[in-house]
Amino acid sequence: MKKLLLFFVAVLLVSTAIAQTTYHYDFFHNLKETESVGGDLTASCPGTYTTEMLPVGINRVVYNFPKACGLVFADTKGLLASGSYTIELYFSLDQIAGYNKVIDFKDRAFDDGLYNWNGHFNLYPNYTTAGSIMAANKFHYLAITRDAGTQQMRFYHDGNSIGSYVDKTNVYLYDGNQKLTFFQDDTVSKTEHSSGSIAMLRITDQPLDHTSIQNNFSNLAVSLSIKNTPQQVAASVYPNPTTQYINITNRQGHSYAITDMVGRSLKEGTIAHQTQVVNTSQLPTGVYLLQLYDKRGNKEHHVIRKE
């Protein structure tokens with residue numbers, strides 16, 4: 001009995017240790033946190049939204065920020081108060097010449113922070129990649145992690161490791177204002193920033209490992225597509241993403257069809273109950289369109305995936 005009790009305690013401790021919270025920002029015509037868990041971003045001046053073909057192969061709504069007009073994350077709930085974090089961005093800069101600040105950690109009061117420097121990843125003033133990794137007007141996936149216990153930071157570009165640094169003096173933690181500023185220079189240098197676009201920002205309260213970073217980069221097309229689908233008819237579809245099935249809550253007698261992204265029908269049927277269970281376990285991992293048809297012939301499109 002004691003061994004069994006110790007086993008359950010160990011499982012509980014492991015589960016607690018790996019528990020994490022992530023704030024998601026997908027910039028689909030707004031700056032809201034998409035899961036309604038964290039606070040929304042604010043902009044120092046208005047940006048615009050356009051649809052672009054991204055390198056991962058999808059047309060996607062993105063947010064365009066003007067030069068000197070950054071995005072601010074105010075951590076009112078203390079997500080990063082422990083000093084551990086992962087910050088993931090999928091963004092492009094219109095210029096890469098010179099220094100262009102990407103993340104400011106001290107409410108713009110100091111020069112230190114994460115920069116693009118002539119295409120190099122630059123954690124000023126302490127670390128710079130040997131080679132240039134960024135190009136102007138091209139979307140890049142960038143991730144940085146920090147472990148509060150070891151103060152170890154690790155850096156990734158398009159899923160690949162590009163270096164590490166031990167932040168012994170807590171330079172790359174926010175101050176008492178609890179703010180991160182993206183794409184706007186500090187009040188010391190004032191001009192080291194570029195206009196650009198962003199399609200995704202994720203902020204997690206734990207340092208993700210390399211495998212998780214690689215998976216997040218590999219699944220960008222799926223995760224970005226799910227947040228980019230217009231909804232035209234009132235209905236509920238869950239869980240989404242899904243692994244084995246989806247529940248469709250709609251009126252009885254309406255029909256549905258699941259197609260792939262090029263329009264080939266894979267599954268169709270009639271909604272026999274107010275909540276219809278549809279088996280998706282035989283579909284390969286990917287993005288699909290769920291089309292719902294009412295009596296007037298209108299369609300509702302939901303993007304789903306099975307993994």
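**Entry 1: an acidic residue**

Is D186 buried or exposed? I looked up its relative accessible area in this predicted model. The value for D186 is 0%, so this residue is buried, the cut-off for buried being under 20%.

I then looked for the partner of D186 and found K101, with which D186 forms a salt bridge. The closest N and O atoms of K101 and D186 are 2.8 Å apart. I noted that K101 belongs to strand β7, residues 99-104, whereas D186 is in the loop between β14 and β15. The pair therefore ties together parts that are 85 residues apart in sequence.

K101 also forms a salt bridge with D104, and here the closest N and O atoms are 2.8 Å apart. I recorded K101 as buried because its relative accessibility is 1%. D104 counts as buried too, at 0%. My summary is that salt bridges link K101, D104 and D186 in a network.

I added a general remark from my reading: side chains of opposite charge can pair when their charged atoms come close.

**Entry 2: a further salt bridge**

How many salt bridges does the count come to? I obtained six. One that I examined joins R146 to D167, with 3.1 Å between the closest N and O atoms. R146 lies in strand β11, residues 140-146, and D167 lies in the loop between β13 (160-166) and β14, so this salt bridge ties together parts that are 21 residues apart in sequence. I looked up the accessibility of both partners. R146 is buried at 1%, and D167 is buried at 0%.

**Entry 3: the nonpolar cores**

I turned next to the nonpolar residues. The largest nonpolar core has 39 residues. Those with the most contacts inside this core are F73, I87, I144, F182, I198 and L201. Which strand gives the largest share of this core? I found that it is strand β6, residues 85-93, with five residues.

Apart from this core lies another, of 14 residues, and I noted I58, Y90, A143 and L224 among them.

I then listed the surroundings of F73, leaving aside neighbours within four places in sequence. F73 is in contact with Y23, Y25, L41, L79, L80, Q178, K179, L180, F182 and I203.

As a general point, I wrote down that nonpolar side chains tend to be buried together in soluble globular proteins.

**Entry 4: aromatic pairs**

My count of aromatic pairs came to 19. I examined F91 and F183, whose ring centres are 5.4 Å apart. Their planes stand at 50 degrees, so I entered the pair as tilted; an angle over 60 would have been needed for edge-to-face.

Where do F91 and F183 lie? F91 lies in strand β6, and F183 lies in the loop between β14 (179-182) and β15 (196-204). The pair therefore ties together parts that are 92 residues apart in sequence. F91 counts as buried at 0% relative accessibility, and F183 counts as buried at 1%. I also found that ring pairs link F65, F91, F182 and F183 into a cluster.

I examined a further pair, Y115 and Y124, which is edge-to-face. The distance from centre to centre is 6.0 Å, and the angle between the planes is 75 degrees. I recorded Y115 as buried, at 2% relative accessibility. Y124, with a relative accessible area of 28%, is partly exposed.

**Entry 5: strand β9 and its partners**

I last looked up strand β9, residues 120-124. Four of its five residues are buried, so β9 is largely enclosed by the rest of the structure.

Which strands pair with β9? I found five bridges between β9 and strand β8, residues 113-117, and these two strands run antiparallel. Across this pairing, W117 stands opposite H120 in β9. β8 and β9 form a hairpin with two residues between them. In the turn I noted N118, which has a positive phi of about 50 degrees.

I then followed β9 to strand β10, residues 127-128, and found that two bridges join these antiparallel strands. N122 stands opposite T128 in β10. β9 and β10 also form a hairpin, with two residues between them.

Note on methods. Residues numbered from 1 in each chain as written. Predicted model: local features only at pLDDT ≥ 70, side-chain atom pairs only at ≥ 80, totals over all residues. Heavy atoms only, no water. Core = buried A, V, L, I, M, F, W, Y, C linked by side-chain atoms within 4.5 Å. Buried < 20%, exposed > 50% of the residue type's maximum accessible area, 1.4 Å probe, protein only. Contact = heavy atoms within 4.5 Å. Phe/Tyr/Trp six-rings, centres within 6.5 Å; stacked < 30°, edge-to-face > 60°. Pairing = 2+ DSSP bridges. Salt bridge = Lys/Arg side-chain N within 4 Å of Asp/Glu carboxyl O.
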